[in-house]
Amino acid sequence: MSWFILFAAGLLEVTWAIGLKYTDGFTRLWPTVGTVVSLVASFLLLGLALKTLPVGTAYAVWVGIGAVGTAVLGIFLFGESADAPKLVSLGLICAGIIGLKLTHT
């Protein structure tokens, strides 16, 4: 169950990171509210996952999910570059996340 909670926390990290773009420097009320709610929920779920998962592993997976998800959405939503080195790098982050999950005892 902790891994599911951690995955949800990672998805919420993507939500608040992308939400930051829509706040327009925190000048738009509802995008700002959504971003703050997502941020708080992400941290709360991360904290719950840390009750049973090692902090180093959980934090690395949480950040990895957030980084990959945010980068992929940046490509699709904002037209950011999707060149080969970037995609390979994102693949390596995914491999690291999978490796951390598989080596967790």
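# Exercises on a four-helix chain

The chain exposes about 6300 Å², and 76% of this comes from carbon and sulfur atoms; accessible areas are found by the Shrake-Rupley method with a 1.4 Å probe, and for residues only the protein chains shown count as cover. The model is predicted: local features need pLDDT of at least 70, side-chain atom pairs count only at pLDDT 80 or more, and totals for chains, interfaces and linings use all residues. Residues are numbered from 1 along each chain as its sequence is written, and side-chain values use heavy atoms, with hydrogens and water left out.

## Exercise 1: Elements

State how many helices and strands the chain has, and in what order the elements run.

Step 1. Helices (H or I, at least four residues) and strands (E, at least two) are DSSP runs, numbered from the N terminus.
Step 2. The chain has four helices and zero strands.
Step 3. From the N terminus on, the order is α-α-α-α.

## Exercise 2: Annotated spans

Find where UniProt places the feature "transmembrane region", and describe the chain over residues 33-50 and 57-78.

Step 1. The unreviewed UniProt entry places this feature at residues 33-50, 57-78 and 84-103. Positions are given in the numbering used here, feature names are shortened, and annotations may be inferred rather than shown by experiment.
Step 2. Residues 33-50 are 94% helix and 0% strand, with end C-alpha atoms 26 Å apart.
Step 3. Residues 57-78 are 100% helix and 0% strand, and here the end C-alpha atoms lie 30 Å apart.

## Exercise 3: The core

Which residues make up the largest nonpolar core, and which element gives the largest share?

Step 1. A nonpolar core is a set of buried Ala, Val, Leu, Ile, Met, Phe, Trp, Tyr and Cys residues joined through side-chain atoms within 4.5 Å. Buried means under 20% relative accessible area, exposed over 50%, and partly exposed in between (1.4 Å probe, protein chains only).
Step 2. The largest core has 11 residues: Ile5, Leu6, Ala9, Leu46, Ala49, Leu53, Ala58, Val61, Trp62, Ile65 and Ile97.
Step 3. Helices H1 (2-23), H2 (29-49) and H3 (55-78) each give two or more residues to this core. H3 gives the largest share, four residues.
Step 4. Leaving out residues up to four places away in sequence, Val61 touches Trp3, Leu6, Ile97 and Leu100; contact means heavy atoms within 4.5 Å.

## Exercise 4: The surface patch

Name the residues of the nonpolar surface patch and the element that gives the most to the patch.

Step 1. Patches are made of residues with over 30% relative accessible area and no salt bridge; like charges are joined within 9 Å, nonpolar side chains (Val, Leu, Ile, Met, Phe, Trp, Tyr) within 5 Å.
Step 2. Tyr22, Val72, Leu73, Phe76 and Leu77 form the patch, with about 470 Å² of accessible area together.
Step 3. H3 gives the most, four residues. Leu77 lies in H3 and is partly exposed at 45% relative accessible area.

## Exercise 5: A charged pair

Which residue forms a salt bridge with Lys86?

Step 1. A salt bridge is a side-chain nitrogen of Lys or Arg within 4 Å of a carboxyl oxygen of Asp or Glu.
Step 2. The partner is Glu80, the closest N and O atoms being 3.9 Å apart.
Step 3. Lys86 has a relative accessible area of 22%, so Lys86 counts as partly exposed. Glu80, at 37%, is also partly exposed.
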